[in-house]
Amino acid sequence: MLKKITVVGIIIFAGLIVLGLAFYTPSNEEETGEPELTVKGDVVMPTKVSRPGCEETDRCYIPSSIVIDAGNKVTWVNEDSAFHSVTSGFYDAPTNLFDSGHMNPFESYTLAFEETGTFDYYCTLHPWMMGQVIVQ
Ligand SMILES: [Cu+2]
């Protein structure tokens, strides 16, 4: 008797799983096909910059040069499918002022600039990616 109840229970359980799968539709994927971008960046790392070439048109970071007032923030968003970073200085001469670390696809990084000056930055993974923040 106990065995029969267990078997019936398993069958009902399996049936519920099948029904659940039949009616389950992943809503986000079906609408857009890719993750939604929730943060709007001041500077964007566009797609395909993990291969050299973007530096020829100055579009590794867009815009590659941004002007802000002291005390304001800059937000970078990685819109590429590869990892990138926002790291102060140049590839062969880092300045150790800031470093986002490896940013996942669709990850953002925000930094406040208190002092005036020109702050060059690059990507530690792709040396041809260079940009600058001009704080006035
Ligand atoms: Cu990069």
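Which residue in β7 does Ser 88 stand opposite? In this predicted model, Ser 88 faces Tyr 121 of β7. The pair belongs to the contact between β4 and β7, two strands that run antiparallel and are joined by two bridges. It makes a handy starting point for a walk through the fold, beginning with the chain as a whole.

The protein chain contains two helices and eight strands. Along the sequence these elements follow the pattern α-α-β-β-β-β-β-β-β-β, with both helices ahead of the strands. The chain has 136 residues, of which 21% count as buried. Among contacts with a separation of 6 or more, 63% are between residues 24 or more positions apart.

Five of the strands form an open sheet with mixed pairing, and their order is β2-β8-β7-β4-β5. The edges are taken by β2 (65-68) and β5 (93-99); each has a single partner strand, so one side of each is left without a neighbour in the sheet. On average, neighbouring strands of this sheet are turned by 35° against each other, with direction ignored. As for what holds such an arrangement together, strands of a sheet pair through backbone hydrogen bonds, either parallel or antiparallel.

Both kinds of pairing can be followed here strand by strand. At one edge, β2 and β8 run parallel and are joined by four bridges; within this pairing, Ser 65 has Gln 132 of β8 as its bridge partner. At the other edge, β4 (residues 87-90) and β5 run antiparallel, with three bridges between them. A hairpin of two residues connects β4 to β5. The bridges of this pair include one from Phe 90 to Ala 93 in β5 and another from Thr 87 to Asp 99, also in β5. Strand β4 thus pairs with β5 through three bridges and with β7 through two.

The nonpolar interior can be described next. The largest nonpolar core has 20 residues, and Cys 60, Trp 76 and Met 129 are those with the most contacts inside it. Two or more residues of this core come from each of β1 (43-45), β3 (73-78), β7 (117-122) and β8 (130-135). Strands β7 and β8 are therefore contributors to the core as well as members of the five-stranded sheet.

Cys 60 offers a closer view of these surroundings. With its neighbours within four places in sequence left aside, Cys 60 is in contact with Val 49, Cys 54 and Glu 55, and also with Trp 128, Met 129, Met 130 and Gly 131. One of these partners, Met 129, is itself among the core residues with the most contacts.

Definitions and conventions
Residues numbered from 1 in each chain as written. Predicted model: local features only at pLDDT ≥ 70, side-chain atom pairs only at ≥ 80, totals over all residues. Core = buried A, V, L, I, M, F, W, Y, C linked by C-beta atoms within 7 Å. Buried ≥ 20, exposed ≤ 12 C-beta atoms within 10 Å, placed from the backbone. Contact = placed C-beta atoms within 7 Å. Pairing = 2+ DSSP bridges. Axes fitted to C-alpha atoms, helices over the stretch in contact; angles between N-to-C directions.
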